[in-house]
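Work through the exercises below with the sequence and the 3D structure side by side. Try each task before reading its solution.

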Amino acid sequence: MSLSLRILAAMAIMLTLGACGFTLRGVSPLPFDSLYVGIPENTRFGSSLRRALEAASPNTKLVDSADKAAASLIEVSQSRTQREVSLTPQGRVEEYELILSYVFRLTTASGDILLPDTTLTASRDLPYEEQLVQAKQSEMDTLFNSMEQSVVERLLRRLTAPDVAEAFEAYQKENAELPPAPAPAAGRRAPIPQH
């Protein structure tokens, strides 16, 4: 089949799918109009997350201070660990498991919890050879970068999940401003008639 026929066939399939209401699955926008991200912007993880948030929810403004935001994403902890998975008969490490653990919480402007401390983890296996230490270090960095991207995607899905939108909506209803009480009438009270 020629290239032009393949392109036409692909377009026909896309049009058919579009006509029946099929759409690619994506994340929903964030339920708040402003968000403070308490993760350093000059880190790869922080910048990746900001780009993902801006792409998924372009109407949500990322602000530089928690007191300007409707909600705050707070980084509780982030750790990278490695553990020995298998050893050679001589007792040398043959394989490591790399683990990335990320803990965050989501709060409202007044500090109420929308999402309590939540842990996201990712892991990868790394075959190890002592003779290739430098190459393995580079491979380890690449695997940790891949895990960070996976955590960014899962974090974004968690922030845009329906239960977060429901919790924020409930918070807004609960904290809606009450109408002001009527002001007392000005002037003195009318004298009570004497009989």
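**Exercise 1: Aromatic rings**

Phe 32, Phe 168 and Tyr 171 are linked into a cluster by ring pairs. The model is a predicted one, in which local features need pLDDT of at least 70 and side-chain atom pairs count only at pLDDT 80 or more, while totals for chains, interfaces and linings use all residues. Residues are numbered from 1 along each chain as its sequence is written, and side-chain values use heavy atoms, with hydrogens and water left out.

Task: describe the pair formed by Phe 32 and Phe 168, and state which parts of the chain it ties together.

Solution.
Step 1. Rings of Phe, Tyr and Trp (its six-membered ring) pair if their centres lie within 6.5 Å; planes under 30 degrees apart are stacked, over 60 edge-to-face, and the rest tilted. The structure holds four aromatic pairs.
Step 2. Phe 32 and Phe 168 are 5.2 Å apart centre to centre with 80° between the planes, an edge-to-face pair.
Step 3. Phe 32 lies in the loop between helix H1 (3–19) and S1, and Phe 168 lies in helix H4 (residues 162–174), so the pair ties together parts 136 residues apart in sequence. Helices (H or I, at least four residues) and strands (E, at least two) are DSSP runs, numbered from the N terminus.
Step 4. Phe 32 is buried at 3% relative accessibility, and Phe 168 is buried at 4%. Buried means under 20% relative accessible area, exposed over 50%, and partly exposed in between (1.4 Å probe, protein chains only).
Step 5. For practice, take Tyr 102 and Phe 104: their rings are stacked, 6.3 Å centre to centre and 20° between the planes. Tyr 102 is buried at 1%, and Phe 104 is buried at 0%.

**Exercise 2: The sheet**

Task: in what order do the five strands form the open sheet, and which strands stand at the edges?

Solution.
Step 1. The order is S2-S1-S3-S4-S5, with mixed pairing. Two strands pair if DSSP finds at least two bridges between them.
Step 2. Strand S2 (61–63) and strand S5 (113–127) are the edge strands; each has a single partner strand, so one side of each lacks a neighbour in the sheet.
Step 3. From one strand to the next, the twist averages 30°.
Step 4. Strand S1 (residues 34–38) and strand S3 (residues 71–87) run parallel and are joined by four bridges. Gly 38 has Ile 74 as its bridge partner in S3.

**Exercise 3: Salt bridges**

Task: how many salt bridges does the whole structure hold, and which residues join into one network?

Solution.
Step 1. A salt bridge is a side-chain nitrogen of Lys or Arg within 4 Å of a carboxyl oxygen of Asp or Glu. The search finds seven.
Step 2. One of them joins Glu 148 and Arg 44 (3.5 Å, N to O). Glu 148 is in helix H3 (residues 133–159) and Arg 44 in helix H2, 104 residues apart.
Step 3. Glu 148 is buried, at 8% relative accessible area, whereas Arg 44 is partly exposed at 46%.
Step 4. Another salt bridge pairs Arg 158 with Asp 163, whose closest N and O atoms are 2.8 Å apart. Arg 158 is partly exposed at 24%, and Asp 163 is partly exposed at 35%.
Step 5. Through shared partners, salt bridges join Arg 44, Arg 80 and Glu 148 into one network.

Terms used
Axes are lines fitted to C-alpha atoms, for helices over the stretch in contact, and angles run from 0 to 180 degrees between N-to-C directions.
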